[in-house]
Amino acid sequence: MKAVILAGGKGANLGPISATRPIPMIRVGGRTLFDNTLNLLKSAGINDIFVVVGHQKEKMIECISEYSNNGLNLHYVEQKTAEDIGGAVLQVRNKISPGEFFMLIYGDTLTAANIFSKTQQSFHSFKCPVASICLPPSNEMFGNVFLNAHMKITRIIEKPKGDELGNYVLSGVFILSASFFDLLEKKGRSMEKALKSLVGEENLRASMWEDEWLDIVYPWEILTANRVLMDSWKESSIAKSARLEGNVTIQGVVHIEDDVIIKAGAVIEGPCSIGKGCYIGNNSLIRSYTSLGNYCSVGYGVELKNCVILDNTRVGRLSFIGDSVLGEGVDFGAGTMTVNRAVDWKPISVKSGNRPINTGLLKLGTFIGDKVVVGAGNTIAPGTIVPPGKVLAPRYTVGGK
Amino acid sequence: MCGISGVVGFKNIVDSLYQGILNLEYRGYDSCGVALMNGTRLLIKKDVGEVEKFFRKENVLSLKSQIGLAHTRWATHGKVVRRNTHPFTSGDGKFAVVHNGIISNYRALRDQLIHEKVRFLSDTDTEVIPHLLEKFYKKHKNIEEAMVKTLNLLEGSFALAFITVHQPDQIYCAKRESPLMLGIGDEIKFIGSDFNAFIEHTKNAVILDDGEYAIVSRDAYVVKNYVTRKEVAKPITKIDWDSETSRKGGYPHYMLKEIYEQPQMVSTVLELDISDLDEVADMILKSDTAYLVGVGTTFYVAKFAQYVFSSLAGVFLPSISSDEFVGLANLNRKSMVLAISQSGETYDTLSAIKQGKAAHAKTAAVVNVMGSSIARMVDKVVLQNSGPEISVISTKAAFSQMAVMILIALRLGLKAKKITRGQYEKHLASLRDLPGIIQNILNERSGFIHRIASNHSKVRHWLYLGRGIYYPIALEAALKMKEVAYVHAEGMPGGFLKHGTLALIDKEIYSVVFIPPREDKFLYQATIHSVEEIRARSGFVLGIHFDDRGKNRDLFSEELILPPVPPLVAPLIQLVIGQLLAYFTATSLKCNVDKPRFLAKSVTVG
């Protein structure tokens, strides 16, 4: 069976992190979401994969052409204009033969266990189009997929009003037949209308997914994705070329890649992942659910906790980064603090666009775009978003301008 | 409690044997084994563990044989170790036996055999059987003769089967008190503990009765009585279960699938033959005392029925847990025992019926499995037709039984003139609306229940409270929580709180309260009072209620609001919520939902 991954979405609410990269290229727990999807597809026995690229497509294309996971046939299809999902799906129309069934995957979702095998199994028992459904982790996302006892979907309400309805949502994995393209055309290229039409024909079955599942919409969900992946780890790996000095303490499950240098006195508490060529300074404390990208540098006495830090980022000495996401090439000056809770322990709000969104989280730090420079001595308020490329002046208590 | 399956055919039967035993795994799953015939040599594979793992580990599916027996074990005698796993072979390795049941005189038989220098390799009661077969075969040089001699020596209960190198194309089997049946296909024959063993291949079954044995080859079979030795003419029973309904479909677990089948169950129950229900109602009417009997979940069904009979038919029927029946029931010719059992093989309930029969009391039963021991023993049986229930946790079967009890009570109420025709029709209309109501609740509330369950899955202690008919609902919902999620949940009448239990209320113990609709004024007030008692002591209360106006009121710590429903069916709706609460707690805790620890589907041991 062929698979189609939709990787062209903009991730409007994902803030500074998706501004400069396609969502599937976000790296958590030592691998990109894309990598995770491909690995699961491979073990589900799906080798022919078409990726629809759009937003920041050059990065996606580069990744696909360099991709070397043996046994996978990866191709990309360009989405010409910024269209919605229906338009994106139609891009692969000529890749699927009439009568053929294919798997459609939304690229911004994540599961640790194999949702693709499960959906395939359901397809084999029903032998008709299948939509994977799941119960979402938060209240806000509740949708309503109505089922009968035979797993036939009888109605779909995408975003029910109020809090009257709470049930399964579509989890972004489908198995559809080539005739779905005609349906899409007929329904004005609207995915929602085409699916509803399938439901109307009583021709869509559900495959229930009960393991953890994430739709990465908001920047703090990158941290959840990180946690979900790390929780599925069973064993540690430390590359042969990694250099650990004396008195380094390692607890729990850790992934430490090639050429990492960890200086004396550092404490690493798993699960955490340290990418290629990272430098961890003396006496630093790397706490659980930290994901460091490649070639990062962490100075003396830094504390990291539940954070995702992308490649080539530098964290100056005596800083604290907790419950935060830092983009690529970020430069944090010495003594930078990401404050991660309110004084009154109220849930933290994040300003996305102009509206503050209550995250419901009692602990949350900041979200920093690529190539941001933060001068020494800054204290960053919980829930702050810093767009890519911004330079924040250092904070001096004596001297300076 | 064990499962037996066997196949004999022209082609390789190993796949069919695997499917058969896999379908019986719900009967017990602590160890597994197969006996196959390789030319004229017996091939035995067995080990502890679940069927699927065992077949994979031993690579059984790569083997070939035209005859075979398989067994899945639920230990009663001897530890769960490989040497106690079936099949057992005779000392000369020429007989391989599988057995379900308990040989009560095995110690005496064993001592005798040991005296005759037979070496035993296991701690089980079963092992005496192959040794006896070998002994008698040596004497008579006739397999059937050896079998009959052996059977007549055995006391206790058994369904057993063996294959032997002396006649490598026949399965020999026999039955007393434990279930066994034959599946009759063209050029292929099956044996099994129940229909599930062969339902994918044939719908023609021959149900063996106590004291019968059968010799089965691929193209013929014969059934005889092992006492009289006469041949018995057996009718072929057509099974109308669809094999598709035995499978999981797109559901992650059978338990959830079976919860989702409950709307259909109500419709099935409404189609039951009214004359069957009337007959039971008449029996109750004519008796001095009618005892409602069940154990575990079915005891809670009995308790539920007790409230229903009282409110709809104005009669008080004592409900007794069947394991306590001996010490409580006063039986005579004018008494009646109305038993409830899903499998129809429940040991304790079977004993209660036997006790009733011994006292010449009338007996009736509501069961799900036709041809089961209880179904055949009682004077009147109501088959609930719920179809196979695969999950060890009972949901739809118990739910259907409650619906059946409502119907019997309605018929009785009408006969006894406790309700008018008009009231009867109104209640019936409520039942007809029930499938749609449940379907809606499953479709519109599951997510909320899932969220509540996963938020509180770490809670170790729950009080489940209800008053009136909501009390048995609380009991049953709490039992689901215990069985499937291994969480301590205590069902209790709301009124018990102030008689001591309030002392337990603290941050560690959470409460679920099943609240009746407002129309049930007295019950509603009394239940709300229980909620207030807990809240006054800062206890956590999850309120499950039908009262939209109660929304956002500070009464509950957390609430689940259900749409308004007719009062008659409200308890059944609450039960469905209780089932889902247990299910989602179990999935949050990553429990083995369909096969919880220490529980077998039908408990056929005392």
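Buried residues account for 48% of the 401 residues in chain A. The model described here is a predicted one, and the overall form of chain A is a convenient place to start. Its secondary structure comprises 8 helices and 38 strands. Measured out along the principal axes, the C-alpha atoms of chain A occupy a box of roughly 70 × 45 × 40 Å. The radius of gyration of chain A is 22 Å, which agrees with the value near 21 Å expected for a compact globule with 401 residues. Contacts across the sequence complete this picture: of those in chain A between residues at least 6 apart in sequence, 52% join residues at least 24 apart.

Some details of the backbone deserve a closer look. Most residues other than glycine have a negative phi, and most peptide bonds are trans. Against that background, chain A offers a cis peptide bond from A:Gly270 to A:Pro271, with omega near 0°. A:Pro271 sits in the loop that links β19 (267–269) and β20 (272–274) of chain A. Chain B has a cis peptide bond as well, joining B:His86 and B:Pro87 with omega about -5°. Here B:Pro87 belongs to the loop between β4 (67–73) and β5 (88–89) of chain B.

Positive phi values turn up in chain A at residues that are not glycine. A:Tyr295 has a phi of about 55° and is located in the loop between β23 (290–292) and β24 (297–298) of chain A. Is A:Tyr295 buried, exposed or partly exposed? With 18 other C-beta atoms within 10 Å, A:Tyr295 is partly exposed. A:Trp345, also not a glycine, has a positive phi of about 60°. The loop that holds A:Trp345 runs between β31 (337–338) and β32 (349–352) of chain A. A:Trp345 counts as exposed because 9 C-beta neighbours lie inside 10 Å, and the exposed class covers residues with 12 or fewer.

Turning to chain B, the assignment divides the chain into domain 1 (3–246), domain 2 (248–419) and domain 3 (442–594). Between the centres of domain 1 and domain 3 of chain B, taken over C-alpha atoms, the separation is 46 Å.

Where the chains meet, 17 residues of chain B are in contact with 21 residues of chain A. On the chain B side, α7 (262–270) and α14 (421–455) each supply at least two of the residues that touch chain A. The largest share of that side, 8 residues, comes from α14(B). Sorted by class, the side of chain B that touches chain A contains 5 nonpolar, 8 polar and 4 charged residues.

Helix α14(B) also packs within its own chain. Two packed helices are described by the angle between their axes and the distance between the axes. For α14(B) and helix α17 (residues 570–588) of chain B, the axes come within 9 Å and cross at roughly 35°. The crossing of α14(B) past α17(B) is right-handed. Residues that α14(B) brings to this contact include B:Leu434, B:Ile437, B:Ile438 and B:Ile441, while those from α17(B) include B:Leu572, B:Ile573, B:Val576 and B:Phe584. Polar members are found too, among them B:Ser446 and B:His450 of α14(B) and B:Thr585 of α17(B). In full, the residues of the contact of α14(B) with α17(B) divide into 13 nonpolar, 5 polar and no charged.

Two individual positions in chain B round off the description. B:Glu145 is part of helix α5 (residues 143–153) of chain B and counts as partly exposed, with 14 C-beta neighbours inside 10 Å. Leaving aside neighbours within four places in sequence, B:Glu145 is in contact with B:Phe136 and B:His140. B:Arg110, 35 residues away along the chain, has its C-alpha atom 20 Å from that of B:Glu145.

B:Val222, by contrast, is found in a strand, β13 (residues 220–225) of chain B. With 13 C-beta neighbours inside 10 Å, B:Val222 counts as partly exposed. Not counting residues up to four places away in sequence, B:Val222 touches B:Ala214, B:Ile215 and B:Glu231. B:Tyr172 lies 50 residues from B:Val222 in sequence, and the C-alpha atoms of the pair are 10.0 Å apart in space.

How values were computed: Residues are numbered from 1 along each chain as its sequence is written. Chains are lettered from A and ligands numbered from 1 in the order in which they are written. This is a predicted model: local features need pLDDT of at least 70, side-chain atom pairs count only at pLDDT 80 or more; totals for chains, interfaces and linings use all residues. Two residues are in contact if their C-beta atoms, placed from the backbone, lie within 7 Å. Helices (H or I, at least four residues) and strands (E, at least two) are DSSP runs, numbered from the N terminus. The radius of gyration is taken over C-alpha atoms; the globule rule is 2.2 Å times the number of residues to the power 0.38. A residue is buried if 20 or more other C-beta atoms lie within 10 Å of its own, exposed if 12 or fewer, and partly exposed in between; C-beta atoms are placed from the backbone. Domain bounds come from an automatic or database domain assignment. Axes are lines fitted to C-alpha atoms, for helices over the stretch in contact, and angles run from 0 to 180 degrees between N-to-C directions. A crossing is left-handed if the near helix is turned anticlockwise from the far one by less than a right angle, and right-handed if clockwise.
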